[in-house]
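Colleague: I am new to this structure and would like a close look at one single part of it. Please take one loop residue and its surroundings, and then set that part within the whole.

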Amino acid sequence: MRLENKVAIITGAASGFGEGIAKRFAKEGAKVVVADLNAKGAERVANEIGRAAIWTQTDVSLRSEFDEMVDAAKSAFGRIDIMVNNAGYTHRNGDMLEVDETTFDLITAVNMKAIYHAALAVVPVMDRQGGGVILTTASTAGIRPRPGLTWYNASKGWAITATKSMAVELAPKNIRVNCLCPVAGETGMLEKFMGADTPEIREKFRASIPLGRLSTPLDIANAALWLASDEAAFITGVALEVDGGRCI
């Protein structure tokens, strides 16, 4: 029970990596807040976890909804030990000049500004408690960007840099800050990452990964579990590649 007596908020937890993290954390003893814009999905995941979970409908691009989510976590469980910034958005793989401004603004709001909102909302709580963990789902796209996802790549590079800077600044408060860099995985955004979902395109993506497969929610959840646990007590400012060797 590596997260016994810990309370974790996970955004984007109604499906994909976030759902995997929420369920994995709960199995290791954590109380979890399943937060997502998709209320029906968040409720489903929380119900499947059981009494150790609550759910909130949360738009991470809005500070007011972040505050409501944090208040719900404190009301239900009394504290916040782990903040997982997992919610993400992307444009379809293609020409960077064809991404409209509305989509660009949504990418920056969800992938970047939400990290700022999270810091404003949870750092004071963690500071009063004597420490905590902030974990962000970044991407291999922020380390080894390829054509077709330029604005998404840039947002994940920003997330990695923010992680490292936050880690240094928050270390005196005993708040560890790390991020995960998954390769493309079986999530709702996979089709957009690939541009189209065909057997040929999937094989092209798999061929770029030395271990020969896409990532899974469990791969990401296991890595998140370690970084959130006390086993990683001396780890901060890390962008952990969970990519089957993709970034080599």
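Modeller: Helices, of at least four residues, and strands, of at least two, are DSSP runs numbered from the N terminus. With that numbering, Leu 149 has its place in the loop between strand S5 (132-137) and H5. Please keep in mind that the model is a predicted one.

Leu 149 has a relative accessible area of 11%, and since buried means under 20%, this residue counts as buried. Apart from its neighbours within four places in sequence, Leu 149 is in contact with Thr 90, His 91, Arg 92 and Asn 93, and also with Lys 192 and Phe 193. A further point of reference is Met 189, which lies 40 residues from Leu 149 along the chain, the C-alpha atoms of the two being separated by 12 Å.

Helix H5, which bounds the loop of Leu 149, also takes part in an aromatic pair, and the structure holds one such pair. The partners are Phe 104 and Trp 151, whose rings are arranged edge-to-face, with 5.7 Å from centre to centre and 85° between the planes. This pair links distant parts of the chain, for Phe 104 belongs to helix H4 (residues 101-129) and Trp 151 to helix H5 (residues 150-170), and their positions lie 47 residues apart in the count along the chain. Whereas Leu 149 is buried, Trp 151 counts as partly exposed at 29% relative accessibility, and Phe 104 is likewise partly exposed, with a relative accessible area of 33%.

As for the whole, the protein has eight helices and seven strands. Its radius of gyration is 17 Å, close to the 18 Å that the globule rule gives for 248 residues, so the protein is as compact as a globular protein of that length. The C-alpha trace spans about 50 × 35 × 30 Å along the principal axes. Of the 248 residues, 51% are buried, and Leu 149 is one of the buried residues. Among the contacts in the protein with a separation of 6 or more, 68% are between residues 24 or more positions apart. The protein exposes about 11400 Å², and carbon and sulfur atoms supply 54% of that area. The protein also carries 27 positive and 29 negative charges, and the mean positions of these two sets are 5 Å apart.

Definitions and conventions
Residues numbered from 1 in each chain as written. Predicted model: local features only at pLDDT ≥ 70, side-chain atom pairs only at ≥ 80, totals over all residues. Heavy atoms only, no water. Rg over C-alpha atoms; globule rule 2.2 N^0.38 Å. Buried < 20%, exposed > 50% of the residue type's maximum accessible area, 1.4 Å probe, protein only. Contact = heavy atoms within 4.5 Å. Areas by Shrake-Rupley, 256 points an atom, 1.4 Å probe, with all protein chains shown as cover. Lys, Arg positive; Asp, Glu negative; His and termini not counted. Charge placed at Lys NZ, Arg CZ, Asp CG, Glu CD. Phe/Tyr/Trp six-rings, centres within 6.5 Å; stacked < 30°, edge-to-face > 60°.
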